[in-house]
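Let's walk through this chain together, one question at a time. Have the view open and ready to turn.

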Amino acid sequence: MELTKIFAILCLLYAVMMFFSAFVKSPGMIKLVKMKFGKNSSDKKAINIMLITGVVMLIASIILFIV
């Protein structure tokens with residue numbers, strides 16, 4: 001298996017984890033995102049950051065699968 005395919009699978013798994021955490025509203029992940037991007041941010045902003053990260057990683061995995 002090529003290295004790009006392995007990275008594509010890892011990006012896909014990370015995207016799935018972000019989507020799952022955003023839709024389930026996992027308190028642990030929301031706390032981690034808030035610590036990273038500022039404690040004054042709301043839960044909704046943290047969930048939006050997780051969704052955007054999931055979309056970016058999904059796009060990256062699709063590009064890596066194509067390459």
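Q: Among contacts in the chain between residues at least 6 apart in sequence, what share joins residues at least 24 apart?
A: Before the number, a word on the source: this is a predicted model, where local features need pLDDT of at least 70 and side-chain atom pairs count only at pLDDT 80 or more, while totals for chains, interfaces and linings use all residues. Residues are numbered from 1 along each chain as its sequence is written, and side-chain values use heavy atoms, with hydrogens and water left out. Counting a contact as heavy atoms within 4.5 Å, the share that joins residues at least 24 apart is 67%.

Q: Which order do the elements of the chain follow from the N terminus on?
A: Helices (H or I, at least four residues) and strands (E, at least two) are DSSP runs, numbered from the N terminus. By that count the chain has three helices and zero strands. The order is therefore α-α-α.

Q: How far apart are the end C-alpha atoms of helix H3 (residues 43–66)?
A: The expected span of a helix is 1.5 Å times one less than its number of residues. For the 24 residues of H3 that gives 34 Å. The model agrees with this, since the distance between the end C-alpha atoms is 35 Å.

Q: Which helices do the buried residues of H3 pack against?
A: Buried means under 20% relative accessible area, exposed over 50%, and partly exposed in between (1.4 Å probe, protein chains only). In H3, the buried residues are Ala46, Ile47, Ile49, Met50, Gly54 and Ser61. They pack against helix H1 (3–24) and helix H2 (27–37).

Q: Which element gives the most to the largest nonpolar core?
A: A nonpolar core is a set of buried Ala, Val, Leu, Ile, Met, Phe, Trp, Tyr and Cys residues joined through side-chain atoms within 4.5 Å. The largest one has nine residues: Met18, Ala22, Met29, Ile30, Val33, Ala46, Ile47, Ile49 and Met50. H1, H2 and H3 are the elements that give two or more residues to this core. With four residues, the element that gives the most is H3.

Q: Which residues does Ser61 touch, not counting residues up to four places away in sequence?
A: Ser61 lies in helix H3. Its relative accessible area is 1%, so Ser61 is buried. Leaving out residues up to four places away in sequence, Ser61 touches Ala8, Cys11 and Leu12.
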